[in-house]
Amino acid sequence: MNRIKAALAGAFVVVCSGAIAQAETAAQAGDVDAGASRYAMNCVNCHGNAGQGMASFPGIQGRDAAYITEKLETYRAREMVGPNSAIMMSLAADLSDADIANLAAYIEARFN
């Protein structure tokens with residue numbers, strides 16, 4: 001029984017390590033300069049020059065690429081997240097996977 005538990009624990013570690021590596025690879029795949037350009041087009045209007053947020057719009061300082069990617073993909077899928085979801089859904093609707101990766105890479109690099 002202990003061998004089975006040890007094997008399962010080992011498998012769990014391998015799977016989790018793989019998921020973390022994939023998230024890190026996705027963040028690294030983004031083009032920070034392209035992300036900066038895209039951020040300046042729309043995101044800065046609500047999240048600010050330093051990612052500090054404004055009024056009812058949340059700050060994104062300290063958020064990693066995996067978090068940003070997950071949120072943008074959720075908005076793109078037209079899923080409600082919070083009170084500003086309608087705005088974010090309309091902005092994220094046209095984002096490609098590359099756009100999301102670029103924004104995530106920029107936000108992580110610039111605001112962390």
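This is a short tour of the structure above, to be followed in a viewer one selection at a time.

**Stop 1: the whole chain**

The model is predicted. Start with a cartoon view of the protein. Five helices and zero strands make up its secondary structure, and along the sequence the pattern reads α-α-α-α-α.

Now switch to a surface. The protein exposes about 7,000 Å², with carbon and sulfur atoms supplying 58% of that area. Of the 112 residues, 29% are buried. Contacts can be sorted by separation along the chain: among those between residues at least 6 apart in sequence, 57% join residues at least 24 apart.

**Stop 2: the largest nonpolar core**

Select Tyr-39, Leu-72 and Ile-107 and show their side chains. The largest nonpolar core has 18 residues, and these three touch the most other members. Which helices each supply at least two residues of this core? They are α2 (32-47), α3 (65-76), α4 (85-92) and α5 (97-111). The largest share is that of α5, with six residues.

Stay on Ile-107 and display what surrounds it. With neighbours within four places in sequence left aside, Ile-107 is in contact with Tyr-39, Ile-60, Arg-63, Ile-68 and Asn-112. Tyr-39 thus appears twice at this stop: in the list of contacts of Ile-107, and among the core residues that touch the most other members.

**Stop 3: from α2 to α5**

Select Ala-34, which lies in helix α2. Ala-34 is partly exposed, at a relative accessible area of 30%. Add Ala-98 and draw a line between the two C-alpha atoms. Along the chain the residues are 64 apart, while their C-alpha atoms are separated by 9.4 Å.

Next, select Arg-38 and Asp-99. Their side chains meet in a salt bridge, at 3.9 Å from N to O. What does this pair tie together? Asp-99 belongs to helix α5 and Arg-38 to helix α2, so the salt bridge joins parts that are 61 residues apart in sequence. Arg-38 is partly exposed, and its relative accessible area is 21%.

**Stop 4: the other salt bridges**

The count for the protein is three salt bridges, and the pair Asp-99 and Arg-38 is one of them.

Select Asp-97 and Arg-76 for another. Their closest N and O atoms are 2.8 Å apart. This pair links distant parts of the chain, with Asp-97 in helix α5 and Arg-76 in helix α3, 21 residues apart. Are the two residues buried or exposed? Asp-97 counts as exposed, at 53% relative accessibility, whereas Arg-76 counts as partly exposed, at 25%.

Then select Lys-71 and Glu-70. They form a salt bridge in which the closest N and O atoms are 3.8 Å apart. Lys-71 is partly exposed, with a relative accessible area of 22%. Glu-70 is partly exposed too, with a value of 39%.

**Stop 5: where α3 meets α4**

Colour α3 and α4 separately and turn the view until both axes can be followed. Two packed helices are described by the angle and the distance between their axes. Here the axes of α3 and α4 come within 7 Å and cross at roughly 90°. Angles of 65 to 115 degrees count as roughly perpendicular, and α3 and α4 are therefore roughly perpendicular to each other.

Show the side chains at the crossing. From α3, the contact is made by Leu-72, Tyr-75 and Arg-76; from α4, by Ser-85, Met-88, Met-89 and Ala-92. Two of these names have come up before: Leu-72 in the core, and Arg-76 in the salt bridge with Asp-97.

**Stop 6: two loop residues**

The last selections concern the backbone. Most residues other than glycine have a negative phi.

Select Ala-55, in the loop between α2 and α3. Ala-55 has a positive phi of about 50° although it is not a glycine. This residue is exposed, with a relative accessible area of 87%.

Finish on Arg-78, in the loop between α3 and α4. What is its phi? The angle is near 65°, again a positive value in a residue other than glycine. Arg-78 is exposed, with a relative accessible area of 55%.

Terms used:
Residues numbered from 1 in each chain as written. Predicted model: local features only at pLDDT ≥ 70, side-chain atom pairs only at ≥ 80, totals over all residues. Heavy atoms only, no water. Helix = DSSP H or I, 4+ residues; strand = E, 2+ residues; numbered from the N terminus. Buried < 20%, exposed > 50% of the residue type's maximum accessible area, 1.4 Å probe, protein only. Contact = heavy atoms within 4.5 Å. Areas by Shrake-Rupley, 256 points an atom, 1.4 Å probe, with all protein chains shown as cover. Core = buried A, V, L, I, M, F, W, Y, C linked by side-chain atoms within 4.5 Å. Salt bridge = Lys/Arg side-chain N within 4 Å of Asp/Glu carboxyl O. Axes fitted to C-alpha atoms, helices over the stretch in contact; angles between N-to-C directions. Parallel < 35°, antiparallel > 145°, perpendicular 65-115°, else oblique.
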